[in-house]
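Q: I'm new to this structure and would like a close look at one part of it. Could you pick a stretch, walk me through it slowly, and then show me how it sits among the rest?

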Amino acid sequence: MTIEGKNLLFAAQMGVDKNVFHWPTVVLELSATNAQRPEATAAFLMAANLLARLFPKLHFLAPDAPIGPNAWMLTSLRELGSVLPILPNGHVHWDCPASVDIAVGVGSTPTVSAKYSTFFDFSGWNASLERVLEPAGVGDLGALFGACYGAAQCFIYAARGVGSQLQPIRPFQLSLLDYDSVGANAPIPPVVDLGTTHLVGVGAVGSAALWTLLQLPRLTGHLVPVDSDFIDDSNLQRYVAVRRSNVGAAKADVCGRLLRERGLSVNPHVVSFKHYANEHQSSIDLMLTPVDSEAGRRALAAYLPRKVLNAATGGSTVTVSAHGFADGRGCLQWLYLPPLGEHTLESRLAQDLGLSLAEVLRHFEQNIPASTKIIRRIEAHRHLAPGFLTHRIGAHLQSLYPDAVCSSASVPTAAGTAVAPLAFISAAAGIVLAAEWIKLRTPALQRFCLDNYFRFDLFGAPNPSVRRRTQPDTSGRCICRDSM
């Protein structure tokens with residue numbers, strides 16, 4: 001499914017008219033004064049990246065300012081024109097149109113007149129929406145996170161322009177250091193040692209985490225990205241570190257190329273994690289789990305890593321969590337145990353695609369691509385013409401679901417089962433995952449590490465009180481209560 005198709009599917013799930021992306025002329029503005037702040041150019045780059053994956057009528061109003069370290073190795077803002085041909089249709093223009101529907105300001109209120117207007121600000125670990133921040137820190141984490149909320153507010157205004165009742169996000173400030181609203185800041189060292197980390201799944205969330213790390217001045221350590229999948233056109237909808245030139249490459253290899261440029265030792269594996277674990281019997285110090293399914297996370301918990309950092313999206317919601325082996329808190333598997341009797345993502349896919357639950361679980365846990373035989377069974381179950389899904393042979397079940405289900409409305413479906421979120425949602429998840437990774441690997445920042453989990457919604461102001469500490473399982477269903 002195309003970028004445009006995936007975006008429209010999410011809009012339909014939200015009950016938003018299909019013209020939401022096409023009607024507005026959007027301007028992203030960076031003033032000459034703000035362009036002198038390195039974090040502001042990083043924020044502009046991220047906002048441009050996100051908005052270009054949504055709106056075909058996009059205009060940039062900004063000076064040609066230099067850019068600091070970044071995943072695309074650009075040196076100035078104007079070079080964006082060479083790497084943003086990822087739009088479903090339309091082009092990016094470096095000018096101010098005669099009529100503007102939505103204006104988004106980077107670091108200050110936009111000066112252009114528009115029907116709807118918003119801005120985001122940032123200072124070190126802090127981000128805000130429609131609230132001016134006093135300069136109090138350096139670094140790009142708050143800037144990148146703020147860009148996600150600026151894009152979210154832009155989408156809401158676009159939805160309201162086609163009759164949606166979505167409410168604008170109220171002004172807020174949040175620090176990614178302690179997930180509070182009082183503005184905590186702390187310096188990030190010039191060199192961040194990431195230690196030895198296994199990154200399981202280099203998807204949309206993992207891509208955003210890498211984008212965030214590549215904003216840092218210098219990295220050291222050893223990363224093991226494990227992903228058996230390859231980049232296709234549909235990934236361009238929300239993989240922020242990926243460009244069209246990466247299509248066809250293995251996701252783990254793209255990750256390796258990006259990070260080796262920055263001096264990090266990287267050993268990519270284009271296999272499922274089960275295959276990797278069978279070949280490498282060593283214990284895992286730190287595992288990052290930005291995978292696509294709850295079943296996948298439950299399976300990864302069985303490898304008993306000493307430490308897990310997890311980030312996930314569900315609709316417009318992001319959850320980030322931290323887990324240690326036998327640390328007295330709810331483990332990764334416990335966080336994703338489904339309530340007894342409740343339909344899970346996997347059971348709904350099995351029902352909608354005509355497969356057994358065991359087959360779906362095996363495909364998810366081992367990251368198995370769909371075979372020709374599986375594709376033909378899905379076509380028969382969905383009453384599709386033989387060969388209709390041939391182009392999806394080799395895709396993963398969750399990826400091919402929209403093509404299989406949304407093309408056959410005569411068969412009832414599980415609403416919202418496997419709809420890919422918009423780019424700014426998965427990007428926010430990856431940025432927060434990277435923030436936790438940096439804190440965990442920086443001794444001076446470890447006291448700010450997440451104690452268990454934090455959840456926020458990109459269509460509402462993040463609530464600092466939604467930071468929880470879960471207790472271990474007492475039901476006996478979880479691996480951490482296994483008597484063996």
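A: Let's begin with the whole chain: buried residues make up 59% of its 484 residues. Keep in mind that this is a predicted model. The chain has 13 helices and 15 strands. If you look at contacts between residues at least 6 apart in sequence, 66% of them join residues at least 24 apart.

The part I'd pick is helix H5, along with the strands and helix around it. H5 covers residues 251-260. To see how the chain gets there, start at strand E8, residues 192-200, which pairs with strand E9, residues 219-226. The two strands run parallel, and seven bridges hold the pairing. For one pair you can find by eye, go to Thr196: its bridge partner in E9 is His222. Helix H4, residues 204-213, joins E8 and E9 in a β-α-β unit, and that unit is right-handed.

E9 has another partner too. Strand E10, residues 265-266, runs parallel to E9 and is joined to E9 by two bridges. Here the pair to look for is Leu223 with Val266 in E10. The path from E9 to E10 goes through H5, and this β-α-β crossover is right-handed. If you trace the strands yourself, here's a handy general rule: in a regular strand the side chains alternate between the two faces of the sheet.

Now for H5 itself. Seven of its ten residues are buried, so the helix is largely enclosed by the rest of the structure. Those buried residues are Lys251, Ala252, Val254, Cys255, Gly256, Leu258 and Leu259. And what covers them? The cover includes E8, H4, E9 and E10, so the elements we've just traced are among the ones enclosing the helix.

Lys251 deserves another glance. Its side chain makes a polar contact of 3.1 Å with the side chain of Asp229. Asp229 lies in the loop between E9 and H5. With a relative accessible area of 17%, Asp229 falls under the 20% cut-off, so it counts as buried. Lys251 is buried as well, so this contact joins two buried residues.

Stepping away from H5, where do the nonpolar side chains gather? The largest nonpolar core has 126 residues, and the ones that touch the most other members are Phe44, Leu80, Phe145, Phe424 and Leu458. Helix H3, residues 141-160, gives the largest share of this core, with 15 residues. There is also a second, separate core of 15 residues, including Phe364, Ala370, Ile375 and Ile378. Back in the largest core, Phe424 has a long contact list: leaving out residues up to four places away in sequence, it touches Leu50, Leu54, Cys148, Ala151, Ala152, Phe155, Leu458 and Phe459.

H3 is also home to Ala158. Ala158 has a relative accessible area of 0%, so it is buried. Setting aside residues up to four places away in sequence, Ala158 touches Val20, Trp23, Pro24, Phe55 and Ile102. Trp23 sits 135 residues away along the chain, yet the two C-alpha atoms are separated by 7.8 Å.

Another helix to find is H2, residues 38-52. From first C-alpha to last, H2 reaches 21 Å, close to the 21 Å expected for its 15 residues. H2 is mostly covered, with 14 of those 15 residues buried.

Loops have their own story. Ala65 is in the one between strands E2 and E3, and at 7% relative accessibility it counts as buried. Beyond its neighbours within four places in sequence, Ala65 is in contact with Ala35, Thr41, Thr75, Ser76 and Leu77. Gln36 is 29 residues from Ala65 in sequence, but their C-alpha atoms are 7.5 Å apart in space.

Met73 is in the loop between E2 and E3 too. Most residues other than glycine have a negative phi, but Met73, which is not a glycine, has a positive phi of about 55°. Tyr179, also not a glycine, has a positive phi of about 55° and lies in the loop between strand E7 and E8. Is each of the two buried or exposed? Met73 is exposed, with a relative accessible area of 51%, whereas Tyr179 counts as buried at 1% relative accessibility.

Methods
Residues are numbered from 1 along each chain as its sequence is written. This is a predicted model: local features need pLDDT of at least 70, side-chain atom pairs count only at pLDDT 80 or more; totals for chains, interfaces and linings use all residues. Side-chain values use heavy atoms; hydrogens and water are left out. Two strands pair if DSSP finds at least two bridges between them. Helices (H or I, at least four residues) and strands (E, at least two) are DSSP runs, numbered from the N terminus. A crossover is right-handed if, with the strands pointing away from the viewer, the path from the first strand over the helix to the second runs clockwise. Buried means under 20% relative accessible area, exposed over 50%, partly exposed in between (1.4 Å probe, protein chains only). A polar contact is a pair of N or O atoms within 3.5 Å; within protein, one must be able to donate a hydrogen and the other to accept it, and residues adjacent in sequence count only if both atoms are side-chain atoms. The expected span of a helix is 1.5 Å times one less than its number of residues. A nonpolar core is a set of buried Ala, Val, Leu, Ile, Met, Phe, Trp, Tyr and Cys residues joined through side-chain atoms within 4.5 Å. Contact means heavy atoms within 4.5 Å.
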